[in-house]
Amino acid sequence: MTQCVPANLASPRPTRQARTDSPFVAGLIALAGSLCFVLLRRWLAAAGNITKFVRAAAPFSRRNGVPQGLFVFPANGYDGQFYYRLALDPANLRRTALGITMDSPYRLQRIGYPALAWLVSLGQHAWVPVALVLVNVLALGAIGLVGGMLAHDSGRHALWGLLLAGYFGFFISAGCDLTEPLGAACLLGGVLAYRRGRPAVAGLLFAYGALTRETVMIVPLAIGLSRLIAAVRRRARPAAADLAWCLPVLAYGAWQLALRAATGTFILLAGFGGNSSRGLPFGEFADAVRLNLSLLSASTGAAYIWFLEVATLMAFAVAALASLRSSTVPAYERIAFVAFIIELGALSAAIWTGHADLRSIDEVYLFAVLILLRSGRRLLGALAPFAGLALLVAATHQALYL
């Protein structure tokens with residue numbers, strides 16, 4: 001005989017908070033947000049022409065030499081044109097090809113993003129501009145998904161993971177066909193895999209991330225250092241866990257040797273010269289502060305955005321440094337975070353002074369969030385509104401202007 005269950009004893013309906021506590025929800029929100037952004041940018045800033053995202057321009061791109069349909073600006077080009085060129089033919093490592101000349105050989109080491117876009121485009125030149133945008137949209141969705149998983153593993157609501165996908169610098173990357181979203185997705189995916197005891201998967205993700213942005217190599221090197229320290233203290237022996245750092249080192253080293261054979265130059269050494277400071281640590285950051293103070297009266301408002309973003313990044317970095325002892329993140333993540341902080345002091349004026357939403361230093365922010373997610377201090381709730389404001393301002397600015 002079937003018994004009726006009293007209404008007050010029936011299973012309670014899940015609350016709204018419980019229904020949204022899913023990494024897949026976080027991933028869908030990040031995916032939808034990034035898709036809305038690129039659609040708005042295509043409509044408002046690019047006047048419906050998605051090839052303007054490439055920002056191809058003289059003197060590096062020749063109007064009569066590039067593939068048909070690509071919009072070429074008369075001046076004021078940007079880095080996306082070099083990744084577009086590689087996405088047309090990743091195997092062609094010549095300095096000039098298909099109407100585009102590389103500004104520096106170090107672009108060639110970031111083959112991961114254009115190679116994936118080439119695969120998505122099925123090798124069709126006309127589809128490459130769309131493929132470059134699609135890869136970044138999917139990468140931001142992946143960051144939201146992985147961020148939700150990392151938040152769950154830290155004992156937090158999954159939507160806290162959106163802080164990782166919401167770094168303000170990702171919007172200029174998604175809107176100008178740059179490498180940061182894919183590099184960050186591989187980086188965070190590797191961190192998640194290593195935390196969950198899957199070093200081979202972590203190693204493969206770190207390896208592809210390093211071939212997308214060389215700064216990703218700091219994380220597997222931090223793992224290698226922590227493993228070495230544990231071995232010296234006789235707390236660890238060579239094991240499968242070492243795949244997490246061995247695979248990226250092998251992949252990155254092999255690609256550097258391949259580039260050496262193709263170009264006659266050690267690309268890694270060539271890259272250091274353009275992006276590293278030649279003065280005192282943080283000296284060129286101080287120069288950037290003085291420059292932007294002088295630009296506060298300009299009508300563009302770019303200097304105000306720069307100061308908002310710098311303040312937000314510094315707030316997260318300082319909060320994470322203050323939480324290093326209380327955070328339960330693995331030792332290698334602390335080492336990597338400190339290394340990224342040290343890297344800030346060596347950056348050139350080209351990184352600091354340009355109004356590019358600090359896109360090149362996203363790792364500092366990402367690791368600060370990871371540390372704060374596993375900290376007992378209630379700092380994320382105070383910092384989240386600042387991150388949201390910086391995200392909204394950067395996204396609006398990039399949606400309106402090329």
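This passage looks at aromatic contacts and empty spaces in a predicted model.

A good place to begin is with the aromatic rings. A pair of such rings is described by the distance of the centres and the angle of the planes. In this model, 13 aromatic pairs are found. One of them joins Tyr167 to Phe170, with 5.5 Å from centre to centre and an angle of 80° between the planes. This pair counts as edge-to-face, because its angle of 80° is over the 60 degrees required for that class. Both partners, Tyr167 and Phe170, are buried. Tyr167 and Phe170 also belong to a cluster held together by ring pairs, whose other members are Phe168, Phe316 and Tyr365.

Rings also meet charged side chains. Arg41 is placed over the face of Phe53, at 5.3 Å from the ring centre. In a second case, the charged end of Arg260 lies over the ring of Phe266, and the distance to the ring centre is 5.1 Å.

Attention now turns to empty space. Rolling a probe the size of a water molecule over the atoms shows where such space is left. The second largest pocket has a volume of about 280 Å³. Its lining is made up of 17 residues, and the closest to the pocket centre are Ala30, Gly33, Ser34, Phe171 and Leu391. Four elements each give two or more residues to this lining: helix 2 (23-44), helix 6 (162-165), helix 7 (170-175) and helix 18 (380-400). Helix 2 gives the most, with seven residues. In terms of residue class, the lining of the second largest pocket holds 13 nonpolar and four polar residues, while charged residues are absent.

What does a search of the whole structure find in the way of cavities of 30 Å³ or more? The search returns one such cavity. The largest cavity holds about 60 Å³ of space. Around it stand Ala302, Ile305, Trp306, Glu309, His355, Ala356, Asp357, His397 and Gln398. Helix 14 (302-322) and helix 18 each provide at least two residues of this lining, and helix 14 gives the most, with four. Helix 18 thus appears in two settings, as it contributes to the lining of the second largest pocket and to that of the largest cavity. By class, the residues around the largest cavity comprise four nonpolar, three polar and two charged. Glu309 and Asp357 are part of this lining and belong to residue types that count as charged.

Technical notes
Residues numbered from 1 in each chain as written. Predicted model: local features only at pLDDT ≥ 70, side-chain atom pairs only at ≥ 80, totals over all residues. Heavy atoms only, no water. Phe/Tyr/Trp six-rings, centres within 6.5 Å; stacked < 30°, edge-to-face > 60°. Buried < 20%, exposed > 50% of the residue type's maximum accessible area, 1.4 Å probe, protein only. Lys NZ or Arg CZ within 6 Å of the ring centre and 35° of its normal. 1 Å grid on protein atoms, 1.4 Å probe; cavity = no way out; pocket = protein on both sides within 12 Å on 5 of 7 lines; lining within 4 Å. Points joined across faces, edges and corners; volume = space filled by probe spheres on them.
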